[in-house]
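The following exercises concern one molecular structure. Please examine the sequence and the model before reading each worked solution.

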Amino acid sequence: MPNLQNQNCPLCGQKAKFNLNNFEQDKYFDCSYCTQYVLSTMAEEKLNASSVSVREDLSKMAKDSPEGQFLLIRLEAGEIEAIYTTRI
Ligand SMILES: [Zn+2]
């Protein structure tokens with residue numbers, strides 16, 4: 001993947017890498033703990049202001065992604081929404 005950047009995982013705080021996609025609106029994370037998930041930059045801002053339990057729940061959801069799917073975390077109507085998707 002091109003332009004991989006290092007950032008501590010916004011969900012669990014472990015070392016992670018991300019790649020910006022979708023006109024730099026989405027970060028494709030690869031975390032050693034949460035595995036792979038997608039976080040929109042707007043959702044990330046909201047997440048940073050959220051409680052630890054919210055982030056822990058999302059971390060668990062990402063880690064428990066069904067085979068062949070990954071967690072997509074985005075902002076929907078101002079709230080964080082997390083869904084499993086196969087669409088890249
Ligand atoms: Zn993580």
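**Exercise 1. State which residues Y37 touches, and place Y37 in the nonpolar core.**

Step 1. Leaving aside residues up to four places away in sequence, Y37 touches F29, A62, F70, L71 and I73; two residues are in contact if their C-beta atoms, placed from the backbone, lie within 7 Å.

Step 2. The model is predicted: local features need pLDDT of at least 70, side-chain atom pairs count only at pLDDT 80 or more, and totals for chains, interfaces and linings use all residues. Residues are numbered from 1 along each chain as its sequence is written.

Step 3. The largest nonpolar core has 15 residues, and those touching the most other members are C9, F29, C34, Y37, L39, A62 and I73. Such a core is a set of buried Ala, Val, Leu, Ile, Met, Phe, Trp, Tyr and Cys residues joined through C-beta atoms within 7 Å. A residue is buried if 20 or more other C-beta atoms lie within 10 Å of its own, exposed if 12 or fewer, and partly exposed in between.

Step 4. Two or more residues of this core come from each of β2, β3, β4, α2 (52–63) and β5. The largest contribution, three residues, is that of β4.

**Exercise 2. Determine the order of the elements and the layout of the sheet.**

Step 1. The chain has two helices and six strands, where helices (H or I, at least four residues) and strands (E, at least two) are DSSP runs numbered from the N terminus. Read from the N terminus, the elements follow the pattern β-β-β-β-α-α-β-β.

Step 2. The six strands form an open, mixed sheet in the order β1-β2-β3-β4-β5-β6; strands pair if DSSP finds at least two bridges between them.

Step 3. Because β1 (5–8) and β6 (79–85) are at the edges with a single partner strand each, one side of each has no neighbour in the sheet.

Step 4. β1 pairs with β2 (residues 15–21) in the antiparallel sense over four bridges. Within β2, A16 is the bridge partner of Q7.

**Exercise 3. Describe how α1 lies relative to the sheet.**

Step 1. Helix α1 (residues 41–48) lies across β3 (26–31), β4 (35–40), β5 (70–76) and β6.

Step 2. α1 runs at about 95° to β4; axes are lines fitted to C-alpha atoms, for helices over the stretch in contact, and angles run from 0 to 180 degrees between N-to-C directions.

**Exercise 4. Give the extent of the chain and its buried share.**

Step 1. The C-alpha trace spans about 30 × 25 × 25 Å along its principal axes.

Step 2. Of the 88 residues, 24% count as buried.
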